[in-house]
Amino acid sequence: MTEPFVIRGGTVVDGSGAPGRIADVVVENGRIRAIGDDLTTGGAAVVDAARRVVAPGFIDIKTHSDWTLPLMPLSESKVRQGVTTEVIGHCGYSCAPALPGKAEALKQYLSPSAPWLDFVETSFADYVRTYPATSVNRVMLVGHNTLRLMTMGMDDRPPEPHELAEMTMLLEEALAAGALGMSSGLFTAPGSYAEGEELVALGRVLKRRGARYFTHLRDESDSVFDSVEEAIEFAERTGVHVQIVHIKLSGMDNWGGAERLLERLEDARRQGAEIDCDQYPYEAASNPLRNLFPSWLQEGGIDAMLDRLGGADVRARVRAEVAADGLNNFGRIPSWDAVRISISPDRPQYAGRTVEDIAAEQGIDPFEAALDYLVADRGQTRVLVSSISEDDIRTLIASPSVMVGSDGNAVAPYGTTGQGKPHPRFYGTFARILGRYVRELGLIPIETAIHKMTGASARALGISGRGLLREGFAADVTVFDPETVAETATYREPHSYAEGVDRVWVNGVPVFEDGEHTGATPGTVLI
């Protein structure tokens, strides 16, 4: 039980999309007890929120913090911008299950994203049970790529009936253990090897269990509209709610299509499909370097890929395919100066530098430099790729139907996760929306922005009692200054906390106040 307190005199923006109003918020035993004018609470502590916005804690609907929370359970980069809930296990990547004898394969597979994590054999139930206490609430997903890796390795083929049965069993076990749904990463191996019937078969399990589906589209560049149709067809055939994560139009040839994309999704909803989407407000995406190249290169695993890259004929084939089709999932970019090294475990001295820059230093062709780098770091390197149009970003932000997700990890400037040059979205996504797009550009009103970060996300997730400031709801609350809230992280200096957030409570427990993290870890698993 927690002591009651009242948040006094702030502008309450409740997450529903309604305009804010001056009111008091009373919190007791982890829940909102009352919202109203001049509320009295006896001897309860008072938090002065005058000239501040009081909002539901932000829900980061799209993250990969499962790669960092075991090391950084305070979730500082997220909490300091008002986030109280993170959805983890996205893009088909989950850290469990890891079947007997296959933990090392999962570690190698996730090495560009979580090189610092130890992987042990575990069921999804044990993974959930032994997860460390965290400052934020967690919504956990099981990844289709992980299920396929555990069942079929990196084989490019349809599953045999017994393999599909094993994936189904593992999915059932994860859902029973607390996974809210299944994620897919159809853009990269082995998820890219899966055809529609395999996914629909697993979707029927999701439907039976009342679970949800979160998909990184098969392609976000030249075939993005075909990939959206695949997601819509999945929703129509299974009846499962689909979340298209970090929706975008990548590659110069596809810029300007955001309005058409939104219209197609709205038409699908009118026809009865349950489908939503989210975005991050940046021109650069992030991915393992190896995923920029044709997915056949990864068939059979990392060692097989490295062997292939030793052959001039394979390199010539990769070059020809990239010249014809652009980068896998990213499309055509202006030059290799648009690809920047982010995290490179064995070559940390190159973090922050572009492939073009590295190639010039070495006096070689940038394409060869990229493949050489892939070999030298054994496929572990993660990069940032500037491939998205700011105009499309603004069109998506302006839509109340598009939620906000960072696609980022919970990190801090210190410790293991303080290395390299991660994407600034890890530190600034929500503050950037409120500072740049609400206050500076006036693109959307603040109540719409907060709805996209809170109530809309809770609805899409099917989570009750969260995402709104309502009597009886969980007291996940953030207080911020609308005049100063802003990101400070940049591509060159990403390890910098957001500014303007004053206080954050998770389940009624203060996790951030007076400019400091309290050290509290009151987060829980939400199902």
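Which residue in β11 does Y213 stand opposite?

## A pair of strands and their sheet

In this predicted model, Y213 stands opposite V242 in β11. The two strands concerned are β10, which covers residues 212–216, and β11, which covers residues 242–244; they run parallel and are joined by 3 bridges. As general background, strands of a sheet pair through backbone hydrogen bonds, and the pairing may be parallel or antiparallel.

Both strands belong to an open sheet of 8 strands, arranged in the order β6-β7-β8-β9-β10-β11-β12-β16 with parallel pairing. At the edges of this sheet are β6 and β16, each of which pairs on one side only. When direction is ignored, neighbouring strands of the sheet are turned by 30° against each other on average.

## An enclosed helix

Helix α4 spans residues 144–152, and because 9 of its 9 residues are buried, the helix is largely enclosed by the rest of the structure. The buried residues of α4 include H144, N145 and R148, as well as L147, L149 and M150. Among the elements that cover these buried residues are α2 (103–109), α5 and α6, together with the strands β8 (137–143) and β9 (181–185). Just after α4 comes G153, which takes a positive phi of about 65°.

## Salt bridges across the chain

A search of the whole structure finds 42 salt bridges. One of them joins K62 to D407, with the closest N and O atoms 2.3 Å apart. K62 lies in the loop between β6 (58–60) and α1 (76–79), whereas D407 lies in the loop between β16 (402–404) and α14 (425–440), so this pair ties together parts of the structure that are 345 residues apart in sequence. Both K62 and D407 are buried.

A further salt bridge links E172 with R209, where the closest N and O atoms are 3.3 Å apart. Since E172 sits in helix α5 (residues 161–177) and R209 in helix α6 (residues 196–209), the pair ties together parts that are 37 residues apart in sequence. R209 is partly exposed, with a relative accessible area of 40%. E493 and K421 also meet through their side chains in a salt bridge, at 3.9 Å from N to O. Here E493 lies in the loop between β17 (477–480) and β18 (501–506) and K421 in the loop between β16 and α14, so that parts 72 residues apart in sequence are tied together. E493 is exposed, with a relative accessible area of 53%, while K421 is partly exposed, at 21%. Salt bridges can also be linked to one another, as in the network that contains R315, R319, D365, E368 and D372.

## Cysteines without a disulfide

Why is C277 not bonded to the closest cysteine sulfur, the one in C91? In general terms, a disulfide is a covalent bond between the sulfur atoms of two cysteines. The rule used here requires the two sulfur atoms to be within 2.5 Å, and the sulfur of C277 is 15 Å from that of C91, which is too far for a bond. C277 also counts as buried, at 0% relative accessibility.

By this rule the structure has 0 disulfides. C95 is likewise in no disulfide, and the nearest cysteine sulfur, again that of C91, is 13 Å away from C95. With a relative accessible area of 8%, C95 is buried.

Definitions and conventions
Residues numbered from 1 in each chain as written. Predicted model: local features only at pLDDT ≥ 70, side-chain atom pairs only at ≥ 80, totals over all residues. Heavy atoms only, no water. Buried < 20%, exposed > 50% of the residue type's maximum accessible area, 1.4 Å probe, protein only. Salt bridge = Lys/Arg side-chain N within 4 Å of Asp/Glu carboxyl O. Helix = DSSP H or I, 4+ residues; strand = E, 2+ residues; numbered from the N terminus. Pairing = 2+ DSSP bridges. Axes fitted to C-alpha atoms, helices over the stretch in contact; angles between N-to-C directions. Contact = heavy atoms within 4.5 Å.
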